[in-house]
Each structure stands twice: as structure tokens, then as C-alpha cells.
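Please find below my notes on this model, set out as numbered points for discussion at the bench.

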Amino acid sequence: MTYVSCYYHAFAGAQKAETAANRICKVLAVNQENERLMEEYERLASELLEWIRRTIPWLENRTPEKTMQAMQKKLEDFRDYRRKHKPPKVQEKCQLEINFNTLQTKLRISNRPAFMPSEGKMVSDIAGAWQRLEQAEKGYEEWLLNEIRRLERLEHLAEKFRQKASTHETWAYGKEQILLQKDYESASLTEVRALLRKHEAFESDLAAHQDRVEQIAAIAQELNELDYHDAVNVNDRCQKICDQWDRLGTLTQKRREALERMEKLLETIDQLHLEFAKRAAPFNNWMEGAMEDLQDMFIVHSIEEIQSLITAHEQFKATLPEADGERQSIMAIQNEVEKVIQSYNIRISSSNPYSTVTMDELRTKWDKVKQLVPIRDQSLQEELARQHANERLRRQFAAQANAIGPWIQNKMEEIARSSIQITGALEDQMNQLKQYEHNIINYKNNIDKLEGDHQLIQEALVFDNKHTNYTMEHIRVGWELLLTTIARTINEVETQILTRDAKGITQEQMNEFRASFNHFDRRKNGLMDHEDFRACLISMGYDLGEAEFARIMTLVDPNGQGTVTFQSFIDFMTRETADTDTAEQVIASFRILASDKPYILAEELRRELPPDQAQYCIKRMPAYSGPGSVPGALDYAAFSSALYGESDL
């Protein structure tokens, strides 16, 4: 009997040691998996934050370019960022939140302390960094488009400045030399009077050009105000024109004073010359203005604007017969002059002393006007066709956006209702959410098509759309929010399934928990505030004092956000009934392996545990320094307490 008794006790001790070793293996395996998840979270968070850190300065850079091509290159780079670089990061951010929630759930289930990421890598830190990224991105595209508009306006003004300046410089060329002549000093009375009449005609011509000089100065000032990149050359050219204009005014005044001192002008000056000068100068100015208008660049953004230009052009063409009549009258005057000279054999030049405008110039300019009219017709019609094409793009985009926007909103509402009004099995709920997710992913083609239409609109430089209140930015934000919402909702259900299976909760209990939670969720937003939660506990029979309620709130709302989630509610309801490991149970298991010693040796760990878990314990267990310590003794009590966050090991 003595041998039987000894055999029984030896067999019972071995079975007890095996049970202890199995418990330790289970605990260590859970802890190792949790550490791997923590390291994976730290790595993903670091990579995402680094990408955000590198991207924000690029989006905040508002340094304007000098040319349209450079700004359009920036716009294309920004489109590439929105289409290619950002969407994967949105998925990474969502996946990071899912991983974090899953890790926290596993830690709660295994009765481990909550995971606290490194400083600056909390989910809230990532959300804050992402918000700064969105804020920087929000105004970047608008700034790019405004800069393109500004450069487009600058190019238009610069071309207008060059045309007007060239016209003025052509007109002013040689005028100073003419005004500096002193031909009146040796001229006869007839010649002096002729010179005076010519000078009067020149003053009339000079006054007619005053508006052009003022326009040139005004355009130069506007180019400076708009920070035109070649403002230095514009200012230099404008200053030369203004200085020359001042000299022309001064020289004109001096010449008049000199001529008026001479004897009175010849009364026999041919009145036809004077009539020609009076009518030819305004007509010449009219033709120059007409040529400027016909060659003037135009920028329109709607069919109405181009129609207005076409109407104005038609009105101008209606005045051409009257202008042609004036031209023929002026030609008749010149023909009469030549006829008088030939008839009376007058030995003077047939050139008009009162005007620098010749019939050849009038003919040339008139022919030029007639050539420019059909060219202007063609350019206006081409622009009209382009505006019609732009209008088709607007309507095409609006038709899709007006369908996609409400669809996204409806899906958001359906997901919100499904997350609040859950009554069936969690697996059924998961299948329903997966179906939502499948439908949403299949809808991506519509978003891509809308992106394509939006790109066409941008390339066509269409900046407004009266047919829809939706912009591409609204659709993008709504789409990203929809993807994030469905992923987060699926993760919540997965977490509930994990909690249910780990804690042995039946589907009926989950439904009861959901019914109770929804009943006291007064705002129907998936959250209970503290008063709602207190009312829920009282209805379930809890006798709550302030101290007890405060203790419970530290469990369900550890971050002090003022709300209780459904997951926290389930954790609380199942906390006292769940079968979870504790630090005391692990210490007792180690004590069995150590044969009731307060310490354990590395050899004992290698003998009782698998090699990798034995090495894990040896590497992390502190040396035992208590009573009866021997070389190589390890403190399994401190190690077990550290596993459950009960010490600083």
C-alpha cells in the first residue's frame, strides 16, 4: 500500500505541473501576440505620421509661379496627389484605427491593461495630424485655381498693354523731331499760316491719343497691383511713354506760342485741306480704335457673355456702311484738292499741311478693318462653340453629382440606422454590413467617372456650375466619410462578436444588451451620456451611490469623454461573470512549477515550458533577491504582476 500511495502522489504532482505549464503557455501566447500587435501599430502610425509631416508643407506652400504652364503643372501634381497618393493613406488611417480597436478589445478580453501608444502616436494624435492635412489641402486647390485666373488675367492685360503701347509708339515715332523743327523762321506768311493750321490739327490728334496714354498707364498700374512677373519692363516702357507724352505736350505748347508770334496765317489756305484734316483724324482714330477692338483678346466663362460680345460685334458691323460713307466723303475731299491743284496749276505739294494722315494710310487701315471683321466673327463663333461644350460638361457633371450626392447620404443614413437598430444575430448583421460594403465598393466606378468629368471641366477652365450645388470636393469628402463609416461599423460588430465569443454571451443576451442600450440612448447616436447610463443601471436593479457610480464610470469611460459606448456597456455587463486569468492565478501556476519555492530557475522553465516561451520568461523575469535566493533565481511573482499591469516591470 505504501508503494501505491507514493505512486499516486507522484502522478498527481506531474498532472498538476502540466496544468500549470499549460496555463502559463496560454498567458504568454496571448501576451506575445499583443506585443506584436502593439509593435505593428507603432510602425504603421510612424509611417502615416511621417507621410503627413512631409505632405503638409507641400500643401501649405503658396509660392506663386510666373507662368500659366507652371501653375497648371502644380494643379496636375495636386490632382495626382488626390487620385493616387491620398486614397491609400485614407485606407491606412482607417486600418490603423481598426487595428487599435481590435488590440484594445483583445487586451480587455485577456484582462490586460489598455495599450497606450508612444507619445504623439495616439489615435487622437493621428486624427489631429490628419485634420491639419485636410485643412492645408482644403484651400490649396482653390488657391491654385485663383492663381491660374490671376495669371490668365495678367497675360490678357500684358498683351493688351503691348498692343496699345506698340500702337502709341508707332504713332508717336518722330513727333518730337517734327515739333522741334524751326521751319517757320524762314517761311513766308502763307507757309507760316499753313504751319499753324497743321499744328492745330496735330493738337487735335494729340488730344485724341490722350485716352490711349491713360489706358496704358492704368493697365501698367493694374499689372503692378497684380504682381506681374515682368512688371519691371512694363514700368520702364510705360515710363518712357509717359515721359515722351509730357515732352510732346511741352513741345506742342512751345511751337504754338512760336507760331502765334508770326504773322497771321494765309487766308487762302485751301479749306478743303482743313476739312480733310478735321474729318480724317477722327476717322483715322476711329479705325485705329476699331482695329484695336477687333484684335482685342477676350475672356468669357458663359454662353451669355460670349453672346453679349457677339451682339456688340454685330452692332459694330451695322455701323460699317455709315463709316464707309464717311471714308468716301473724305476721299472726295482729297480728290477735290488734287482737282483744284491741277485745274489752277498751283505749284504746291498736294500733301495736306494740316494732317499727317494720308489717303494711303486710310485705305490701308480700312482694308485692315475689313480683313479683321471676318476673323473676329470666326473667333467669336469658335468661342461660342467652346462655351456650348463647357455648358455640356457642366450639365453632364451636374447630372452625375446630383445622383451621387443623395446616394452617399442615403447610404450613410442606412448604415447609421443599422448600427442603432440591431436586433438579429451579429453574424447576420455582419453579412448585411458586408453587403453594404460590397455595394459601396461597386459604386466606386461612378465616383471615378465623375472624377473624369471633373478633370475635363478643370482642363476646360470652367470654374462654376449653376446646375448643381455639389462640388467634386463635397463628393470626395462624402465618399471618404462613407468608406470610413462602413469600415468602422464593421469593426464594431467584429469587436462585439469577439467579445461575445470570448465571454460566452448568448445572442439573446446581446440582443437584450442592445435593446437596453438603445432604450436609454436618448439621442439615438450610439452613445449614452452619464445620466442615461445611471438611469440604465438603476432600471437593472443597481443601488448606486456617488462613489460606486464614479468607480463604474472609470471602467466604462476611462478617458473621461462623458459618454459610454455600446462596447464599454457590454464589457461592464459581462465583466464579473467572464472567466479570465488573473495575476494571482499565474503566480500560483509558476509556484507549482517551482515546487513551492518563491523563485524559479531557468532550468525549470526550460523543462516545463516550450523553448520559445521559456526563453521569453528568462529574458523578462527580474532576478529574485528575497529570502533563500540562489544564483540564477528568477522572480516569477514580479513578472506575473507586470503582465497584468500591476507593477512597473
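1. In this predicted model, the sulfur of Cys617 has its closest cysteine sulfur in Cys25, at 8.5 Å, which is too far for a bond. A disulfide would require the two sulfur atoms to lie within 2.5 Å, so the pair formed by Cys617 and Cys25 does not qualify. The side of the question that concerns solvent is equally clear for Cys617, because a relative accessibility of 0% places this residue in the buried class.

2. The count for the structure as a whole is zero disulfides. Cys536 may be noted here as well, since its relative accessible area of 0% makes this cysteine buried.

3. Is Asp612 buried, exposed or partly exposed? Its relative accessible area is 48%, and because exposed residues are those over 50%, Asp612 is classed as partly exposed. This aspartate belongs to helix α21, which covers residues 611-620. Although 583 residues separate Asp612 from Ala29 in sequence, the C-alpha atoms of Asp612 and Ala29 are 10.0 Å apart in space.

4. Asn465 sits in the loop that links α13 (444-459) to α14 (472-503), and its side chain has two backbone partners that deserve a look in the viewer. One of them is the backbone oxygen of Arg394, which the side chain of Asn465 reaches at 2.9 Å, and another is the backbone nitrogen of His467, reached by that side chain at 3.0 Å. Leaving aside residues up to four places away in sequence, Asn465 touches Arg394, Phe397 and Ala398, so that Arg394 appears both as a contact of Asn465 and as the residue offering the backbone oxygen.

Note on methods
Residues numbered from 1 in each chain as written. Predicted model: local features only at pLDDT ≥ 70, side-chain atom pairs only at ≥ 80, totals over all residues. Heavy atoms only, no water. Helix = DSSP H or I, 4+ residues; strand = E, 2+ residues; numbered from the N terminus. Polar contact = N/O pair within 3.5 Å; in protein donor to acceptor, adjacent residues only side chain to side chain. Contact = heavy atoms within 4.5 Å. Buried < 20%, exposed > 50% of the residue type's maximum accessible area, 1.4 Å probe, protein only.
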